[in-house]
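Here are a few exercises to work through with the model open beside you. Try each task before reading its solution.

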Amino acid sequence: MRAIDVIYKKRNGGSLSEEEIRFFIEGFTKGDIPDYQASALMMAIYFNHMNKEETLSLVKAMVDSGDTMDLSRIKGIKCDKHSTGGVGDKTTVVLAPLVAYFGVPVAKMSGRGLGHTGGTLDKLEAIPGFSTGLSEECFIENVNRHGIAVAGQTGELVPADKKLYALRDVTATVENTSLIAASIMSKKLASGADKIVLDVKTGKGAFMKTMEDSLELAEAMVEIGTMYGRHTIALITDMNEPLGSAVGNSLEVIEAIETLKGRGPKDLTELCIELAVHMLLLAERFETYQEAKSAIEDAIFNKKALDKLKEFIEVQGGDPRVADDYSLFPQGSKQEVVVSDKEGYVHDIDAEQIGHCAMLLGAGRKTKDDDIDLGAGLVLNKKTGDFVKQGDVLATLYYNEGDPSQIGQLLQKSFAISKEKGKNKKILYFLVKSIDGRIVQEEIV
Ligand code: URA
């Protein structure tokens with residue numbers, strides 16, 4: 001078989017066989033197929049798409065490209081959550097202790113941020129002393145003893161994705177349903193969870209900008225998980241404006257802690273509760289939606305989930321006093337406010353632009369080898385639907401270096417403000433699940 005023939009076939013609109021896909025992925029992972037041929041194939045897939053069989057073959061070839069985690073030494077039903085990526089998304093920091101408090105083992109492999117989206121490992125490392133570099137032994141022991149561990153990948157899980165994603169990122173071939181579904185699901189399947197809850201973001205700050213594309217991606221991923229025998233559901237949730245108010249590593253962990261104290265922003269709290277309900281239902285901890293929801297609300301109200309967070313921080317070497325004393329976090333030494341030059345209602349806050357502003361302040365990486373400033377970032381004082389007067393503070397910037405005036409202007413432009421009152425903002429749109437092999441969508445009202 002030759003790589004060029006596989007590229008020809010896809011370029012001309014053909015369907016690739018399992019053998020052809022495996023040949024290409026194996027060859028690329030080993031370095032026998034060069035980047036320029038893999039880029040050509042990615043672009044052919046981008047334009048001509050893959051059918052369900054091809055997508056599943058791609059997932060299988062990617063899972064088989066490296067190690068898989070064996071979580072069988074962890075007792076109980078392991079339920080993982082994955083977000084397709086967004087701005088201000090600190091849900092894992094809230095959810096991991098919340099779900100672990102109910103005795104559902106949380107054995108989570110997380111990643112770092114790139115571009116306008118943040119990564120859970122970076123956020124957790126804002127906690128002084130916190131270590132995400134656990135050995136497989138330590139990871140499993142922590143979950144068995146404390147019910148929770150969050151770490152960077154151990155071993156070589158899905159090396160094909162690492163190489164392919166880096167290539168897609170610089171060849172404008174990220175936004176394709178099959179490629180995203182295969183990339184995310186191969187990693188989830190290789191990391192060994194029994195059940196998977198996907199948070200598929202939709203809107204300006206998401207990979208999928210339209211509801212149609214987001215539903216298509218959610219359906220593809222639920223189908224892949226189900227075919228692999230892992231019970232998988234997806235929620236489609238809003239990423240037009242940033243989630244919550246804080247964007248930047250320390251600032252986001254502080255907001256997550258506030259959420260566990262019952263004082264978090266409304267959208268973040270609503271999303272975390274919904275995701276936690278579905279995780280606890282999949283893990284068979286509760287029988288009904290309402291039962292799970294009430295128990296979760298109680299765990300927040302009684303600060304039980306917050307206590308679990310403190311235990312989690314301590315076990316991974318961090319200083320649990322941060323939960324009560326935010327001055328222990330690395331902080332931007334300088335602050336600047338950005339004010340509104342208009343009066344009216346906030347109709348929209350461009351999440352991607354806000355993420356870009358946070359990155360320019362030092363909170364994110366332009367390329368994967370960049371250092372980040374854990375204390376840098378921004379906090380939005382206004383969200384969609386709020387009324388603002390001229391001169392009102394839209395956001396506060398936190399930084400250590402440079403002149404943020406251009407970033408302030410960019411941030412101001414991210415706010416769409418108009419005289420008319422806008423529509424009520426929604427955070428939860430659809431639940432996508434599989435019933436007897438059929439994929440169904442339920443609108444969340
Ligand atoms: N996140 C991933 O892990 N892969 C993609 O392709 C897109 C988002």
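## Exercise 1: an enclosed strand

Strand S1 (residues 79–83) has 5 of its 5 residues buried, so it is largely enclosed by the rest of the structure. Here buried means under 20% relative accessible area, exposed over 50%, and partly exposed in between (1.4 Å probe, protein chains only). Strands (E, at least two residues) and helices (H or I, at least four) are DSSP runs, numbered from the N terminus. A word on the source: this is a predicted model, where local features need pLDDT of at least 70 and side-chain atom pairs count only at pLDDT 80 or more, while totals for chains, interfaces and linings use all residues. Residues are numbered from 1 along each chain as its sequence is written, and side-chain values use heavy atoms, with hydrogens and water left out.

**Task.** Work out which residues cover each face of S1, and which strand pairs with S1.

**Solution.**
- Take the faces: Cys79, Lys81 and Ser83 lie on one side, Asp80 and His82 on the other, and all are buried.
- Now the partner: S1 runs parallel to strand S4 (residues 195–202), joined by 5 bridges. Pairing takes at least two DSSP bridges between two strands.
- Find histidine 82, and you'll see leucine 198 of S4 opposite.

## Exercise 2: the cysteines

**Task.** Explain why cysteine 79 has no bond to cysteine 272.

**Solution.**
- Start with the rule: a disulfide is a pair of cysteine sulfur atoms within 2.5 Å.
- Cysteine 272 holds the closest cysteine sulfur to that of cysteine 79, but at 14 Å it's too far for a bond.
- By this rule the tally is 0 disulfides.
- Check burial too: cysteine 79 has a relative accessible area of 5%, so it is buried, and cysteine 357, at 0%, counts as buried as well.

## Exercise 3: helix H8

**Task.** Test the length of H8 (residues 159–170), then find what its buried residues pack against.

**Solution.**
- The expected span is 1.5 Å times one less than the number of residues.
- For the 12 residues of H8 that gives 16 Å, and the end C-alpha atoms are 18 Å apart, which agrees.
- The buried residues are Pro159, Ala160, Asp161, Leu164, Leu167 and Arg168.
- These pack against helices H2 (18–30), H3 (35–48), H4 (52–63) and H9 (177–190), where contact means heavy atoms within 4.5 Å.
- Past the helix, look at alanine 172: its phi is positive, near 55°.
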